[in-house]
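Reader: I should like to learn how backbone angles and pockets are to be read in a model of this kind. Would you take them one at a time?

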Amino acid sequence: MTPTLAFDVYGTLIDTHGVVGKLTEILGNADQAKAFSQTWRDKQLEYSFRRGLMQNYTTFAVVTHDALNYTDSFYKTNLNDTQKDTLLAVYRTLPAFGDVENGLTALKNAGCRMFAFSNGSRDAVETLLDTAGISHFFEGVVSVDDIKSFKPNPGTYAHFLRESEAKANEAWLISSNPFDVIGSISAGMRAAWVQRSPEAIFDPWGIEPTAIVSTLTELEEKIVG
């Protein structure tokens, strides 16, 4: 059985806090930049959940823009349009985490089928992967934009299985986001939680990850053995 792997992109392959450097330049304060980045990310996810529940879809790019506006108001940073455009441009070219290339190389050498699976639109994800130099690892990009919803809607995981032509018991989701791991397991898939920080907490819902790793370089042993 050849495992089919669905890699979450934002926060798993790509470091969403790669924007902190530019935020520090704009805000002039590294601590405020880190706090701003975290709130921006938290609000981005919250808005995607709310839109999914409301069935009031817009693209992840719009969700990200709306979350930026909220964060600017919350911290009273008074960013101008040029500064916001600069930050959104950085968000479209964020870097990969340092363990990604080695981890993906080991999995590809082991014969795994790998796809990027994201809330982001196909074009946005392809740009991220190309910029990070990791697009060649993947057979394709599966975007929830195709069905106009967001993870963890169970329909998004069914969409991945259709697009990848994989059976649920042969497919793994790889994500640093507990909501995504729980959502995929609830949809019948296996899932590895990437616990990138020892302080990260997995939601105590009684649904456990199939595997837990701290870096992507541990995945090959966990999945292929």
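Reader: Is glutamine 55 buried or exposed?

Author: The model is predicted. A residue counts as exposed when its relative accessible area is over 50%. Glutamine 55 has a relative accessibility of 75%, and therefore counts as exposed. Its place is in the loop between H2 and H3.

Reader: What is the phi of glutamine 55?

Author: As a general idea, most residues other than glycine have a negative phi. Glutamine 55 is not a glycine, yet its phi is positive, at about 55°.

Reader: Where does glutamate 165 lie, and what is its phi?

Author: Glutamate 165 is placed in the loop between H7 and strand E4 (171-175). Its phi is positive, near 55°, in a residue other than glycine. Because its relative accessibility is 73%, glutamate 165 counts as exposed.

Reader: How should one read the peptide bond from lysine 151 to proline 152?

Author: In general, most peptide bonds are trans. The bond from lysine 151 to proline 152 is cis, with omega near 10°. Proline 152 belongs to the loop between strand E3 (140-143) and helix H7 (154-164).

Reader: Let us turn to pockets. How much space lies in the largest pocket, and which residues are the closest to its centre?

Author: The largest pocket holds about 500 Å³ of space. It is lined by 21 residues, of which Gly11, His17, Gln38, Ser176 and Asn177 are the closest to the centre. Two or more lining residues come from each of helix H2 (30-54), helix H8 (178-186) and strand E5 (190-194).

Reader: Which element gives the largest share of that lining, and what is its make-up by class?

Author: H2 gives the largest share, with four residues. By class, the lining of the largest pocket comprises eight nonpolar, eight polar and five charged residues.

Reader: What is the volume of the second largest pocket, and which residues are the closest to its centre?

Author: The volume of the second largest pocket is about 240 Å³. Among its 13 lining residues, Phe60, Ala61, Thr64, Arg92 and Ala124 are the closest to the centre.

Reader: Which helices supply at least two residues of this second lining, and which gives the most?

Author: Helix H3 (60-75), helix H4 (81-91) and helix H6 (122-132) each supply at least two residues. H3 gives the most, with four residues. By class, the lining of the second largest pocket has seven nonpolar, five polar and one charged residues.

Notes
Residues are numbered from 1 along each chain as its sequence is written. This is a predicted model: local features need pLDDT of at least 70, side-chain atom pairs count only at pLDDT 80 or more; totals for chains, interfaces and linings use all residues. Side-chain values use heavy atoms; hydrogens and water are left out. On a 1 Å grid over the protein atoms alone, a cavity is a set of points where a 1.4 Å probe fits but cannot get out, and a pocket is an open set with protein on both sides within 12 Å along at least five of seven lines; lining residues have an atom within 4 Å of a point. Grid points are joined across faces, edges and corners, and a volume is the space filled by probe spheres set on the points. Ala, Val, Leu, Ile, Met, Phe, Trp, Tyr, Cys and Pro count as nonpolar, Asp, Glu, Lys and Arg as charged, and the others, Gly among them, as polar. Buried means under 20% relative accessible area, exposed over 50%, partly exposed in between (1.4 Å probe, protein chains only).
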